[in-house]
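Work through the exercises below with the model open. Try each task before reading its solution.

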Amino acid sequence: MFSVQPQSCSSCNVNCVRSLNHQPVCVQLQCIRKQRLKFHLLPAKWSGPITRSHIDRHYRIHSNVSLSVGTGAVPVEHDKANVNTPCAFLQLSINAFDYNCHVDLIKLLRQEGKLHRLRKARQKMSELFPLTEEIWLDWLKDEIRLTEDESDREKVYELFERAVKDYVCPEIWLEYVQYSIGGMGAQGGIERVRSIFERALTAVGLHMTKGASIWEAYREFEILLNAQLERIHTLFRRQLAVPLMDMEGTYAEYSDWADDGVPEMVTRQYRRALQQLEKGKPFEEALLVSEPPKLAEYQAYIDFEMKEGDPARVQIIFERALAENCLVPDLWIKYTTYLDRQLKIKDLVLSAHERAVRNCPWTMGLWKSYLLALERHGADHQTVTDVFEKALNAGFIQATDYVEIWQSFLDYLRRRVDFKWSRELDELRAAFARSLDYLKQDVEERFSESGDLSCTIMQIWARIEALHCKNMQKARELWDSIMTKGNAKHANMWLEYYNLERSYGDASHCRKALHRAVQCTSDYPEHVCDVLLNFERVEGSLEDWDAAVQKTETKINRVNEQRVAEKEALQARQEEEKAEHRRKAKADKKGQKKSQKVNRTGDKRKADDEYEEEWGEDAELPSKRLRGEDDFGSTATEELMETESGLFGRRAPPRKTEPPGFRKNQRASSEAPQQPQDVSKEQRIDENCVFVSNLAFNLDDPEGKLRALFQGCGTVQQVRPVFSMNGVFRGYCYVQFEDRLAVPEALKLDRKEVDGRPMYVSPCVDKNKNPDFKVFKYKTAMEKHKIFISGLPYTCTKETLEDLCKQHGTVKAIRLVTNRSGKPKGLAYVEYENEAQASQAVLKMDGSMLENFTLSVAISNPPSRKMEDKGVPSRLLGAAIRGKGRTQISLLPRSLYRQSTPDAKAENGTVSAPHTTETDGSLSNEDFARMLLKK
């Protein structure tokens, strides 16, 4: 709970730490400020409000979570069980702007019945924050119960006036008019009641769901007074012209009350209001069923009313939305902007601006709009200055916010000066000097930067001195200060200064500024050199021209040398990164292969053990087939497939002769899926089938996953995944549909990622029946409307590449080249609408940089597909001839090799190099002997 046990504070080394809710808090003033600075809550020399308290309020309303002042931005749950009056007072002594603590203190004092201290606590909170409807109603009811004489009633009236200014709440207005009726016996009481009723109707009389209660109370009051019938008629007519809920009952009541019936004009107004009510009912129903804060529903309602164009209705829906979303700055900005541009009523506009900055003081845009509104409506200078000082103490969250608010105030002061009287001009200069000191000290101490890197305020000051005051000496001093703050390397800053001298200075200072610019500029030196040469062409002598040419040439040569060195260093760094990437990829691949090898070895041993257990040691094993025996029949039924990547599918190993019961026992023990060879040939229809490859070997339940994946293309008849003899999935399968119309839809899923790998989908074609069938998705000839890009970073995405390429034409398609595992190769093909756009892209993008990678761009000319010669397999001939092993060398003499001519046309992704081919002519033994003896 609460104890006063001295402890040593780690920040100020003073025995002043007290326990607050079991958390140590130092109550020394300097330590408190240090904690505030630590979490960027406010400047060092400022004791104003902390904006986190407003965020506390947001958490309080929506999630019952507060932000402790001792922990800055760490949300902690509010421990209501341990909160008592001493704790709350101590917390407020540390941070008077803790919204949650104010609420807890008011509840505690109300429960304890300490009315005097309760009134002070409420008064203090209302000075710091706008109060919610619930807090105001509790306060008003407590004060009404304590009312004894007329002086107390006036205090309650003042309290009501403060309450209706925070938010537009029908309940508070209804309580106000009911309280005023109790004082109608005083002098002028009836007129006062009527005045309050009229104000209430203006504020909330258009509230579609709650406004009717104010109208009915007003009518009941007039009926109670036995007022003139015309007053009551007028109230009925006014109410029936407003779209309110239960309008039908009001119309029926008026029909019964009026002796002469309802006038025709009133009926027309009623019907028109009824039509408006029907338009607004969907929005009211949406608000009724939605959960707080209902921001989206209110936004839609506001847009509807703004389109309808009734300013009064727009105002009331804005007020309703802000009552439930008081901490949304964008909503306040939208409301105040509407009032500034449409209604332009001084009291209404300034009141809305004041409430906006009280609810969202951390939003710079609201303060900026407030200052403009005060100036627009002719507020006195002291009022504008006071509002500006409050803005500086609002605790903005960005350094640039302070720069903008200072700019707005300086613009206001500049518009006040006529530059003939020294008093306003001296005030403007003093404000400029103060702004620079404030940004340098307070803002830079809090944010570690001034927020004005380009010294915009000093530039404006210099231009005012040069244009209005004709004081070029002061303007040059300001620009010297600007250049010493790290801006001398920027060409645009020097050109701005040069333009100032060109407009208000002389040629000598222009020349001096340009010479300094050539010497100091590092971002665009060529441009500065051109400006200097052009200036000397117009203003300079021959000696000036020679000096300028010599200075610019020296600068350009030095810059070119630096750029060449930087480019070489960048290329070397890129090569190192690529080499490191290749090493990592190689190591990863090696580790993956090693793990797969271990897994496969374990599976193989397990399968061998099961095989021995099935047959036993003395059982007769199936005889082995000799090499080449019975191969023709087995290979004749194999399906040789080709995927869209251009690679032939591997043939499954020949099926071994299995003992009886082996398949049954293996299925029972390992539950491996059935082989595709087990499906009868009559059930296989190649026209209704697609071949799926490049799947991960460790894919779980391939049949179920692929069935779900292809279900959207058509009815899947069967999925035939291919497994090895020991039940390991081999990474490819066949998917057969009931209808061949599903095959084109299935082919659209080609390259779709499945468990991190691109899935290849191609037509299912028997290579024995169609040996000439080839499937390759992309063209191999030159495509003049398409460009080929290499050197891309491996992290480059399609969106990044599209943003880069669409600057030079309309991009129709982009293809990032990947390997079989789905990892990018740093290559891409980009298709444009026509050849002209592709040529323009090559000219602009070739040699450009992307994420420190140099891009190479050319017209698309893919390498040709080098297919293997179609020959009769040796196994088909029944021969047991082995192919040439890796370690065997060719015994053909070198003289039989000849160099082939390089291709005339360069291909993307290939290197033109000489290669060897064998001669086609047959030679006899004598020819061989003659060549071997040839010297």
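**Exercise 1. A ring pair between two strands**

Start with Phe788 and Tyr829: decide whether they are buried or exposed, then classify their ring pair.

Solution. Phe788 is buried, and Tyr829 is buried too. Buried means under 20% relative accessible area, exposed over 50%, and partly exposed in between, with a 1.4 Å probe and protein chains only. The model is predicted: local features need pLDDT of at least 70, side-chain atom pairs count only at pLDDT 80 or more, and totals for chains, interfaces and linings use all residues. Residues are numbered from 1 along each chain as its sequence is written, and side-chain values use heavy atoms, with hydrogens and water left out.

Next, apply the ring rule. Rings of Phe, Tyr and Trp (its six-membered ring) pair if their centres lie within 6.5 Å; planes under 30 degrees apart are stacked, over 60 edge-to-face, and the rest tilted. The ring centres of Phe788 and Tyr829 are 5.1 Å apart and the planes stand at 50°, so this pair is tilted. Last, place the partners. Phe788 is in strand S11 (residues 783-790) and Tyr829 in strand S13 (residues 824-832), so the pair links distant parts of the chain, 41 residues apart. Helices (H or I, at least four residues) and strands (E, at least two) are DSSP runs, numbered from the N terminus.

**Exercise 2. The aromatic cluster**

Find the aromatic cluster that holds Tyr402, and describe the pair Tyr402 makes with Phe447.

Solution. The structure holds 32 aromatic pairs. Tyr402 and Phe447 form a tilted one, at 6.2 Å centre to centre and 55° between the planes. Tyr402 lies in helix H20 (residues 399-416) and Phe447 in helix H21 (residues 422-447), so the pair ties together parts 45 residues apart in sequence. Tyr402 is buried, at a relative accessible area of 1%. Now widen the view. One aromatic cluster is formed by Phe388, Phe396, Tyr402, Trp406, Phe409, Tyr412, Tyr438 and Phe447.

**Exercise 3. The five-stranded sheet**

Give the strand order of the open sheet of five strands, then check its pairings.

Solution. The order is S7-S8-S6-S10-S9, with antiparallel pairing. Two strands pair if DSSP finds at least two bridges between them. Strand S7 (716-723) and strand S9 (752-754) are the edges, each pairing on one side only. From one strand to the next, the twist averages 30°.

Walk across the sheet:

- S7 and S8 run antiparallel, joined by six bridges; Pro721 stands opposite Cys733 in S8.
- The hairpin of S7 and S8 has five residues between the strands, and Gly727 there takes a positive phi near 85°.
- Four bridges join S6 to S8, again antiparallel; Cys689 stands opposite Gln736 in S8.
- S9 is joined by three bridges to strand S10 (residues 757-763), antiparallel; Glu753 stands opposite Pro758 in S10.

Then add the helix. Helix H30 (residues 702-710) packs on the sheet and touches strand S6 (689-693), S7, strand S8 (729-737), S9 and S10. Contact means heavy atoms within 4.5 Å. The direction of H30 makes about 145° with that of S7. Axes are lines fitted to C-alpha atoms, for helices over the stretch in contact, and angles run from 0 to 180 degrees between N-to-C directions.

Finish with burial. Eight of the nine residues of S8 are buried, so S8 is largely enclosed by the rest of the structure.

**Exercise 4. Charges over rings**

Which rings lie under Arg153 and Arg192?

Solution. The rule asks for NZ of Lys or CZ of Arg within 6 Å of the ring centre and within 35 degrees of the ring normal. Arg153 lies over the face of Tyr179, 4.2 Å from the ring centre. The charged end of Arg192 sits over the ring of Tyr157, 3.7 Å from its centre.

**Exercise 5. Cysteines**

How many disulfides does the model hold?

Solution. A disulfide is a pair of cysteine sulfur atoms within 2.5 Å. The count is zero. Take Cys796: the nearest cysteine sulfur, that of Cys805, is 8.5 Å away. Cys796 is buried, at 8% relative accessibility. Cys713 is buried as well, with a relative accessible area of 13%.

**Exercise 6. Two buried polar residues**

Locate Gln239 and Asn325, and list their contacts beyond four places in sequence.

Solution. Gln239 is in helix H11 (residues 229-240) and is buried at 3%. Its contacts are Ala212, Trp215, Arg219, Leu244 and Thr250. Asn325 is in the loop between helix H15 (311-324) and helix H16 (329-343). Asn325 is buried, with a relative accessible area of 3%, and touches Pro293, Leu295, Tyr298 and Leu331.
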